[in-house]
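Hello,

Here is the structure we talked about handing over. My notes on it follow below.

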Amino acid sequence: MGCKVSTGGDVYGFGVLLLEMLTAMRPTDTQCGNALSLHKYVDRAFPERIAEVIDPHMPSEEDEAAASVRMQNYIIPLVSIGLMCTMESPKDRPGMHDVCAKIVAIKEAFVETL
């Protein structure tokens with residue numbers, strides 16, 4: 001955006017990477033074309049239709065109840081972090097300390113269910 005280098009740019013890059021991993025898409029993919037960024041593409045589906053944009057090759061449970069719990073407890077929170085990190089304005093993005101704390105909380109909740 002023509003601004004000097006900042007940690008806000010690092011947060012943005014992390015958010016893009018997280019969205020890429022969850023969707024198996026790149027910001028340059030055709031679904032994101034026509035002035036539609038990866039952030040906007042995912043945001044339009046969030047949270048009600050998020051399953052439509054998540055990587056279809058991501059492992060999933062055959063049990064519908066377990067799949068719903070996984071989506072609500074892990075996938076949606078991770079997508080939310082990715083969306084927060086890729087906000088257009090750096091001042092609207094969280095700090096990496098907050099991002100890390102949220103990811104650790106998701107990880108700990110996941111480990112507790114094992």
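Leaving aside its neighbours within four places in sequence, which residues is Ile 54 in contact with? They are Leu 22, Thr 23, Ile 75 and Val 79, where contact means heavy atoms within 4.5 Å.

Before the rest, the basis: this is a predicted model, in which local features need pLDDT of at least 70, side-chain atom pairs count only at pLDDT 80 or more, and totals for chains, interfaces and linings use all residues. Residues are numbered from 1 along each chain as its sequence is written, and side-chain values use heavy atoms, with hydrogens and water left out.

Core. The largest nonpolar core (buried Ala, Val, Leu, Ile, Met, Phe, Trp, Tyr and Cys residues joined through side-chain atoms within 4.5 Å; buried is under 20% relative accessible area, exposed over 50%, partly exposed in between, with a 1.4 Å probe and protein chains only) has 26 residues. Ile 54 is among those with the most contacts inside it, as are Leu 22, Tyr 41, Val 42, Ile 50 and Val 79. Two or more residues each come from α1 (7-23), α2 (38-45), α3 (64-85) and α4 (96-113); α3 gives the most, nine. Helices here are DSSP runs of H or I, at least four residues, numbered from the N terminus.

Backbone. The Phe 46 to Pro 47 peptide bond is cis, with omega near -10°; Pro 47 is in the loop between α2 and α3. Ala 24, in the loop between α1 and α2, has a positive phi of about 60° although it is not a glycine.

Segment after α4. Leu 114 lies here and counts as exposed because its relative accessibility is 74%.

Regards
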